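Got the viewer open? Here is a short tour, with something to select at every stop.

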Amino acid sequence: MDIKQIQDLIRFVAKSGVEEVELEQGNFKLTIRTKSTGSEPSPAPMYYPQAGYLPPLQPSQSVTSAPTTAAAPPSAEMLAPSAGTAASATSIEIKAPMIGTFYRSSGPGKDAFIKVGDRVEKGQVVCIIEAMKLFNEIESDVSGKVVKVLADDSSPVEYDQPLFLVEP
Amino acid sequence: METFRFAVTELESTHSTNDYLKSMDLASLPAGFCVVAHYQTAGRGQRQKQWLSLPGQNLTCSFLLKGLGLKPTQQIALLKAVSLSVKHCVADLTGATVRIKWPNDIMVGREKIAGLLIENFIQAGDLVSVVGLGLNVNQARFPAFCPQATSLCRVSGHHHPLPQVLLAVEYQLAHSLAIMKSSRHILDQMFASGLYAMGQTHEFESPGQGLFSAVVVGVDALGRLLLQQGEQIRAYLNGEIQWVF
């Protein structure tokens, strides 16, 4: 077994999720252990490809994961959601300044003040909140593109509840 | 009492005095600006409910109120002050006992005499309010489909000149706003004691509970109606509950 094969084997074991692999070929014996609980990177495994003899890897030298290969997939997975949160981190919520009933239009059968995809300007009326027959035209305090409507038409909303998501 | 000057614009007829006033440049108009229409062709109650009024017989007007130092969350105080002013005005002109049916109707007995429609805007952090009032004054008969309506003339038994009624409303409005500014506590007490069916059992209907009886015990800080059933007191937003007659 040459060094290349051993390296490949270590990578394979690291990826497989198996905790321990023992390999014996004549007087050649190889044990690869992975630290299933360890999350901190262990020292790089050392090999002693001395003629015909390879000492078993010590626990301290055991393979947790090949830093380059094993680290890559999770980070790729992490990227997608973090890209999503990055987008909403830049978006601004228009919140309810009071408790009441949320209306998206000025009256039944009328067009909504704003829809997803619309451009909204600071000071533009975005909805009506009605509480105890007090009708409040709520103006946007930001300018940008409406990316999401967060409350249902004619539904009760709480104080400070996000109503719209706007990307400035 | 702080003087509150009202500037009145009279119109022969308009769609709705609230809409007319809202279409004006509210920032440049003085607080207390009032639009009165002799005839509202499309007077509105809350959210497009029609307010029926015969030409020249009733008071339909809208006041612009601003600079009252109210935060958006404190606007329930404004509803209380305006409701109280109409209540007192009707009581002064007729001698009748007048109640405020939560949230925005003014009642004599079991009949409605006036309704309010308040629309608010927040301009530079200040609450700007357009207060619409429909007060039945000299209308003697009402259509069969709104039997629970009455007017000043029906209650008092005589004709009321509209300019005099408007003056009475303005006087009471200034008075109530002064109380609101000086003591929110007194305003709350006056409103609670003026509530329709206060301390009495009444029938209600809600989507969750269906038809039920409860005792009216007041309103909370958010203006929600407090109803007691057995030991339990629950707060209701309007829309969550309806009075059943």
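The domain bounds used on this tour come from an automatic or database domain assignment. For chain B that assignment gives domain 1 (7-193) and domain 2 (201-243), so colour those two ranges separately as a start.

A word on what you're looking at: this is a predicted model, where local features need pLDDT of at least 70 and side-chain atom pairs count only at pLDDT 80 or more, while totals for chains, interfaces and linings use all residues. Residues are numbered from 1 along each chain as its sequence is written, chains are lettered from A and ligands numbered from 1 in the order in which they are written, and side-chain values use heavy atoms, with hydrogens and water left out.

**Stop 1: between the domains of chain B**

The C-alpha centres of domain 1 and domain 2 of chain B sit 25 Å apart. Their contact (heavy atoms within 4.5 Å) draws 6 residues from domain 1 of chain B and 11 residues from domain 2 of chain B. Buried area here is the accessible area (1.4 Å probe) that two parts lose on being put together, summed over both; for these two domains of chain B it comes to about 710 Å², with carbon and sulfur atoms giving 73%. Now select Ile76(B), Lys101(B) and Trp102(B): in domain 1 of chain B they lose the most area to domain 2, together 74% of what that side buries.

How many salt bridges cross the interface of domain 1 and domain 2 of chain B? The rule (a side-chain nitrogen of Lys or Arg within 4 Å of a carboxyl oxygen of Asp or Glu) finds 0.

**Stop 2: a helix pair in chain B**

Helices are DSSP runs (H or I, at least four residues), numbered from the N terminus. Pick H4 (residues 162-182) and H5 (residues 184-193) of chain B: their axes come within 5 Å and cross at roughly 125°. The axes are lines fitted to C-alpha atoms over the stretch in contact, with angles running from 0 to 180 degrees between N-to-C directions.

Show side chains next. Ser176(B), Ile179(B), Met180(B) and Ser182(B) of H4(B) meet Arg184(B), Ile186(B), Leu187(B) and Met190(B) of H5(B).

**Stop 3: where the chains meet**

Bring chain A back in. The contact takes 24 residues from chain B and 21 residues from chain A, and the two chains bury about 2100 Å² between them, 60% of it on carbon and sulfur atoms. There is 1 salt bridge between chain B and chain A; zoom in on Glu137(A) and Lys22(B), whose side chains meet in a salt bridge at 3.7 Å, N to O.

**Stop 4: chain A**

Finish by selecting domain 1 (3-33) and domain 2 (86-167) of chain A. Their centres, taken over C-alpha atoms, are separated by 60 Å.

Definitions and conventions. Helix = DSSP H or I, 4+ residues; strand = E, 2+ residues; numbered from the N terminus.
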